[in-house]
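Hello,

Here is the structure I promised to pass on to you. Please open it beside this email, and then read on for what turned up in it.

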Amino acid sequence: MRTNVEQVKLLDRFSTNNKSLTGTLYLTATHLLFIDTQQKETWILHHHIASVEKLALTTSGCPLVIQCKNFRIVHFIVPRERDCHDIYNSLLQLSKQGKYEDLYAFSYNPKQNDSERLKGWQVIDLAKEYARMGVPNEKWKLSDANREYKVCETYPRELYVPKSAILPMIMGSSNFRSKGRLPVLSYCRQGTEAAICRCSQPLSGFSARCLEDEKLLKAISTANSGNHYMYVVDTRPKLNAMANRAAGKGYENEDNYSNIRFQFVGIENIHVMRSSLQKLLEVNGNKGLSVNDFYSGLESSGWLRHIKAVLDAAIFLAKAIVVENASVLVHCSDGWDRTSQVCSLGSLLLDSYYRTLKGFMVLIEKDWISFGHKFSERCGHLDGDPKEVSPVFTQFLECVWHLTEQFPQAFEFNEAFLLQIHEHVHSCQFGNFLGNCQKEREELKLKEKTYSLWPFLLDDKQKYLNPLYNSKSESLTVLEPNTVSFNFKFWRNMYHQFDRTLHPRQSVLNIIMNMNEQNKQLEEDIKDLESKITQCKNGILTKDLLHPHPESPALKTSLCLKEQSLLPVNDTLRAIEGSNPADNRYCDFPEEFSKSEPAVVSLEYGVARMTC
Amino acid sequence: MEFAELIKTPRVDNVVLHRPFYPAVEGTLCLTGHHLILSSRQDNMEELWLLHSNIDAIDKRFVGSLGTIIIKCKDFRIIQLDIPGMEECLNIASSIEALSTLDSVTLMYPFFYRPMFEVIEDGWHSFLPEQEFELYSSATSEWRLSYVNKEFAVCPSYPPTVIVPKSIDDEALRKVAAFRHGGRFPVLSYYHKKNGMVIMRSGQPLTGTNGRRCKEDEKLINATLRAGKRGYLIDTRSLNVAQQARAKGGGFEQEAHYPQWRRIHKSIERYHVLQESLIKLVDACNEQTHNMDRWLGKLEASNWLTHIKEILTTACLAAQCIDREGASVLIHGTEGTDSTLQVTSLAQIILEPRSRTIRGFEALIEREWLQAGHPFQQRCAQSAYCNSKQKWEAPVFLLFLDCVWQILRQFPCSFEFNEHFLIMLFEHAYASQFGTFLGNNESERCKLKLQQKTMSLWSWVNRPSELSKFTNPLFEANNLVIWPSVAPQSLQLWEGIFLRWSRSSKYLDEAYEEMVNIIEYNKELQAKVNILRRQLAELETDDGLRESP
C-alpha cells in the first residue's frame with residue numbers, strides 16, 4: 001500500500017477559476033492527510049469517508065473525489081493514474097470496515113487510565129435522569145422484565161412502566177408489538193402526571209387485538225390523573241401505516257382502546273429522508289449555482305419540509321402535555337427513528353434541562369442510544385446495507401439548530417456543539433454511537449475497550465457555551481416555536497461547514513464568546529488590582545514588588561489583554577482528538593472568521609468571466 | 001387647497017384597530033392633513049400615528065353597517081380599522097385615498113413638519129461636493145471640480161458641481177453631454193487611493209444605429225487612463241438589451257472607438273421587473289399558511305434574491321477591476337440613474353472603509369444617490385401593494401439597501417451602523433417628515449427650496465441620541481477591502497424588512513440586547529482595570545518616592 005504521493009492538487013470546489021493547492025497526500029492507518037506547500041494540513045478520517053470516486057483522466061492528472069459524512073467534499077488531482085488507483089483502492093478498504101473491532105474507537109488512545117475511562121462512562125447516568133423526573137413514584141415503576149433482554153433485545157435493561165403493569169401485561173404487549181418494543185416511559189413531566197411514552201407499531205393487521213396491550217395503554221392513561229384520555233401518535237403518513245396492515249402490522253384501532261385519541265403526523269420514512277438529503281447535497285454541490293436553482297433544489301429535495309414535519313410533531317406532543325395535560329404514546333414502525341426524533345424533541349421543548357450541555361447529552365443517551373436508534377446502521381459505520389443508512393439523527397440536530405435560531409437565549413450550548421456531536425456520531429472515535437442497541441454495545445464491551453465522548457466535550461465546555469444563554473428567563477421554560485415555513489432556513493454551517501468561502505468572514509458568536517471569557521478574566525484582574533491597592537495603602541508591601549520593578553505582575557496581565565481580545569477559544573481544540581491533529585473542522589474556524597482575510601474571494605463571476 | 005376639503009369626517013369614535021403583534025384596541029380615529037391618528041384614551045402606548053404618505057393602498061369592505069378599512073403601508077405593514085357606520089367608513093376611506101396621493105410635492109408633510117428637537121448640525125450642509133473633493137485632492141491632482149452644470153442646463157439630473165478629469169474643459173463636457181443619455185457625461189464616482197484607479201459613471205452613449213461617435217467623449221474617458229493601461233466599461237445591461245437600445249438612439253461604446261477599454265455586459269433588471277419582484281416577495285412573506293414547497297416556490301419565483309445576486313456580482317466585478325486588476329472602470333446602463341448607482345455605491349462599500357461608517361454611508365447616499373440624480377420621488381411613489389403599476393416605480397434603492405445588509409451580515413464587525421439604520425433609510429425613502437428624499441434630482445430640490453422649507457433627515461439622524469440606536473456595537477474599523485460571497489447559500493432573505501410584520505422578533509431582540517450588554521460590560525471592565533492600574537502605579541511611585549532617600 002502506498003503511503004504518500006507528491007504533487008497532488010487539491011481543488012476548491014466552489015471556485016470557478018480552478019484555484020488549487022499543491023501538496024503531498026499521506027495515508028495513515030486512521031487518516032488521509034494532505035499537506036500543502038504552506039504546510040497547512042487537511043486531515044480526513046477514514047471513517048468519515050462516505051464515498052470515493054475516480055473520475056475520467058484529464059490532462060493534469062487523475063481526479064479523485066472524496067465525499068465525507070460530515071459533508072466535506074474534497075477534489076484531488078493525482079498526477080499519475082497508477083497512484084490514483086492505489087489511493088482509491090486503499091481508501092475503499094480503509095473506509096469500509098467489516099467488523100466493529102477494526103473501528104478507530106478500539107485503537108484510539110487519549111492517554112487515560114482505566115479508572116479515568118470508566119469515570120468517563122459514568123458521566124451520564126440514566127437512572128439519575130429518571131430520578132430527576134421523579135420516577136419511580138406512585139404511578140411509575142422500574143420493571144425488571146427486560147433485565148436479561150428477554151422481552152426486547154433493542155430496548156435498555158431498565159424499563160419504566162405504569163405501576164399497575166404486571167408482568168403478563170408486559171409480555172403480552174411486547175408480543176403484540178413490532179420487535180417486541182412495548183410501550184414504556186420516555187419522559188415524565190414534573191408537576192403534572194402527563195408523560196411521553198414510546199413503542200413500535202402494533203401487530204394488528206386488519207383486525208387482530210391484544211388485551212394485554214389494551215390494558216397497558218389503559219394503565220398508561222390512568223397513570224395520568226390529569227386527563228381521562230391520552231393521545232396515540234403514529235408519526236408515519238397514514239398511507240404507510242395502512243400499507244403495513246397488509247403485513248400484519250399497522251396501527252391502533254380507536255374502538256379497541258378505551259379513551260385514546262389517535263393521530264397521524266406524517267413524517268416520511270428513512271428511505272425518503274436519505275434520498276432527500278442526497279438531492280439537497282447534489283444541488284448544493286454545483287459550481288456557479290443560480291439562486292433559482294438553489295431554491296428549486298431546496299424545494300424539490302423536500303428537506304426543509306421533512307424538518308418542519310418532525311418539528312411539528314414534537315410541538316403536537318408538547319401541546320398535548322402542556323395545554324391538555326394529556327399523556328402521549330408515540331410510535332412509528334419500529335419505534336427507533338421517527339419515534340426517537342419526536343420524543344426527544346418533544347422533551348426538549350418541555351424541559352429546559354435538556355437545553356443545557358449536560359442535559360442534551362442525557363437526552364441523546366436516553367431517547368437515542370438506550371432506546372436503540374440504530375446508529376451503526378444509520379451512519380454506515382460498517383460496510384453494510386446502504387439502504388439502512390439514513391440521516392435521521394442529523395435531522396434531529398437540525399431541528400435543534402432551528403430552535404436555537406428562534407430562541408437564541410434558550411440553549412446553554414451553541415452551534416459548534418451540535419456540529420461536534422454530528423462529527424463524532426460518524427467518526428467512530430468514541431464508543432457511544434457504535435452498535436445498534438445497548439445489548440450489542442455490552443457484547444462489544446465498549447465501556448472497557450473504548451472511550452465515551454461526553455467527558456471530552458465537557459472538558460472543552462468553553463467552546464460549546466452559548467454566550468447569550470439565559471437560564472432564568474421564564475418565557476423560555478416551555479418553548480413554543482413558530483413553524484411557519486418562512487422560519488426554516490438552509491443550515492449552511494452544517495452542510496457547507498468546510499466550504500469556507502460561503503461563510504461570513506466575521507463570526508458574531510465567536511466574538512461574543514471571547515468577550516465573555518475576557519470579561520471573566522477582567523473581573524479577576526479587578527479583584528487582583530483592588531487587593532494590591534489595599535495592600536499598598538496599608539503599607540504592607542513587600543520590597544520586591546516595589547523596586548526596582550515599577551510594574552506589578554497583575555499589571556502586565558492586564559496590559560496583554562488588549563491584544564488577546566480575540567484570544568482563540570480554539571487552542572485546546574485538539575485535545576479531543578488526542579495525539580492526532582485530526583480533521584477537526586474547528587481548526588478552520590479561526591481563519592475562516594478572522595476579519596483580516598480578504599484573500600479568499602468567492603466571486604463566482606469574477607475576472608474569469610471578464611471576457612464575455 | 002385646504003386639507004379640510006379633503007377631510008369629510010375628521011373624527012370617528014369606537015373604531016377598532018388591528019395591527020401586527022398587538023391586541024385589537026378600540027379608540028377614536030382622527031384624520032389630519034398628514035396623519036391618521038388613533039387614540040384609545042386608555043394609555044398613550046396604544047396610539048397609532050400614521051403618515052398618509054406611508055399608505056400604499058387601501059381596501060374596504062362592509063358587513064352590515066360595520067365597515068372595515070385595510071391599510072397597506074409602504075413599509076409593508078398591514079393594519080385594519082373597523083369603523084362603525086357605513087358613511088363614516090366611506091368618508092374616511094376616500095379621505096385617506098385623497099390624502100395619501102397628493103399631487104403636489106409642496107403639500108407633503110416635510111413642508112409642514114416643525115421639528116421638536118434642537119438642530120445641532122444642519123444636514124443640508126453636511127455633505128458638500130467641495131468637501132468630498134477635498135478628500136481626494138490631497139491624493140491626486142488629475143481631477144478638478146467643474147461648475148459647468150451650475151444652472152442645471154447641461155444635465156438636468158446632475159448636481160451643479162461634478163468632478164471631472166483636469167485635462168477636460170467645460171466646453172468639451174458640454175459636447176460629451178450631448179452624446180450621453182440625459183446629458184449624463186462621465187463623472188468621477190470614486191477614487192481608489194490605494195492605486196489611483198477610479199470608478200466613473202455616466203448615461204449610455206447615444207450612438208444610435210449608425211454608430212455615431214464623439215471625439216470629446218473618447219478623449220474624456222481616455223484621460224482617466226494611465227499610460228499603457230486599459231480600463232473596463234461595465235454595461236449593466238445584457239449585450240442584447242444594449243443592442244436594442246441603439247434603435248432608440250442609445251447604444252454602447254464600440255471597441256473600434258475605445259480601443260483601450262474592454263466592455264463587459266452584466267444584466268441587472270430594471271423598473272417593472274423589479275417592482276413585480278417586490279410585489280411577489282412581499283405577498284409570499286405575508287402569507288402564514290403556505291406549506292414549505294409553496295413558500296420556497298414563491299420565494300424562488302419572486303426572483304428577489306436573484307436580483308440581489310446580480311447586483312452584488314456586478315459590484316464585486318467593478319471592485320475587482322479596481323483593486324485586483326488595477327484598472328479604472330466606467331459604469332453605465334441606460335439612463336445611469338438606477339443600476340449604475342447600485343453598482344458604483346456597492347463597489348465603494350466593498351472598497352472604501354469610510355463608506356462603512358455612519359457618516360461615510362450618509363455621504364455615499366448623498367453623493368451616489370441624491371446628488372447623482374436617482375429619481376427617488378418616482379421610484380418610491382408606491383411600494384409593494386399598489387395596483388397602479390407606473391413604469392417608473394421600482395425598489396431600486398431598497399435592493400441597494402438589501403445588498404448592503406447582505407454584506408453587513410457577512411462582515412458584522414466592519415460596519416459602524418446596524419440593520420436598524422438601513423431599515424430607517426428604507427422607511428424615510430418612502431415616507432418621511434424630512435425633505436431629504438423629496439424630488440428626483442438636485443435641480444428639482446433646488447426649485448422646491450427644500451433647504452429653506454424642510455428639515456434634512458441628517459439633521460435628525462446625526463444627533464447623539466438617535467445615532468446611538470443606529471450604531472453597531474461590534475464595529476471595529478477594518479481598513480481592508482471586503483469581498484462578500486455571492487453564492488446562493490450565502491445570500492439570505494432580509495427578515496428585518498420582509499418578515500418584520502409577519503412574525504415576532506421578541507426573542508431575537510432580547511438576544512441582541514444581551515449581546516449589547518456583554519459588550520458594554522466589557523468596556524466598563526476595561527475602563528475600570530485601566531483606572532485601577534493607574535491608581536496602583538501612582539501608589540507604587542508614591543511609596544517608592546517615600547522610601548528612596
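How many Å separate the centres of domain 1 of chain B and domain 2 of chain B? Taken over C-alpha atoms, the distance is 36 Å. Do keep in mind that this is a predicted model.

**The domains of chain B**

The domain assignment splits chain B into domain 1 (3–102), domain 2 (129–503) and domain 3 (507–540). Where domain 1 and domain 2 of chain B touch, 14 residues come from domain 1 and 23 residues from domain 2. Together these two domains bury about 1400 Å² between them, and 66% of that area is on carbon and sulfur atoms. On the domain 1 side, the residues that lose the most area to domain 2 are D56(B), K74(B) and F76(B); together they make up 48% of what that side buries. How many salt bridges are counted between domain 1 and domain 2 of chain B? The count is zero.

**Three strands at the start of chain B**

Now look inside domain 1 of chain B, which covers 3–102. Strand 1 (residues 11–19) and strand 2 (residues 22–31) of chain B run antiparallel and are joined by six bridges. They form a hairpin with two residues between them, and F21(B) in the turn has a positive phi of about 70°. Strand 2 of chain B also runs antiparallel to strand 3 (residues 35–39) of chain B, with four bridges joining them; this second hairpin passes through three residues.

One residue to pick out is C30(B). In strand 2, C30(B) is the bridge partner of R11(B), and C30(B) also has a bridge partner in strand 3, namely I37(B). As background, strands of a sheet pair through backbone hydrogen bonds, either parallel or antiparallel.

**A sheet in chain A**

Chain A has an open sheet of five strands, in the order 10-11-14-12-13, with mixed pairing. Its edge strands are strand 10 (184–188) and strand 13 (260–264), each of which pairs on one side only. Neighbouring strands of this sheet are turned by 25° against each other on average, direction ignored. For a parallel pair, find strand 12 (residues 230–234) and strand 13 of chain A, which share five bridges. There, D234(A) has F264(A) as its bridge partner in strand 13.

**A stretch further along chain A**

The unreviewed UniProt entry annotates residues 505–539 of chain A as "coiled-coil region". In the model this span is 89% helix and 0% strand, and its end C-alpha atoms lie 51 Å apart.

Enjoy exploring!

Definitions and conventions
Residues numbered from 1 in each chain as written. Chains lettered and ligands numbered in written order. Predicted model: local features only at pLDDT ≥ 70, side-chain atom pairs only at ≥ 80, totals over all residues. Heavy atoms only, no water. Pairing = 2+ DSSP bridges. Axes fitted to C-alpha atoms, helices over the stretch in contact; angles between N-to-C directions. UniProt positions renumbered as here; feature names shortened; annotations may be inferred. Domains from an automatic or database assignment. Contact = heavy atoms within 4.5 Å. Buried area = accessible area lost by both parts, 1.4 Å probe. Salt bridge = Lys/Arg side-chain N within 4 Å of Asp/Glu carboxyl O.
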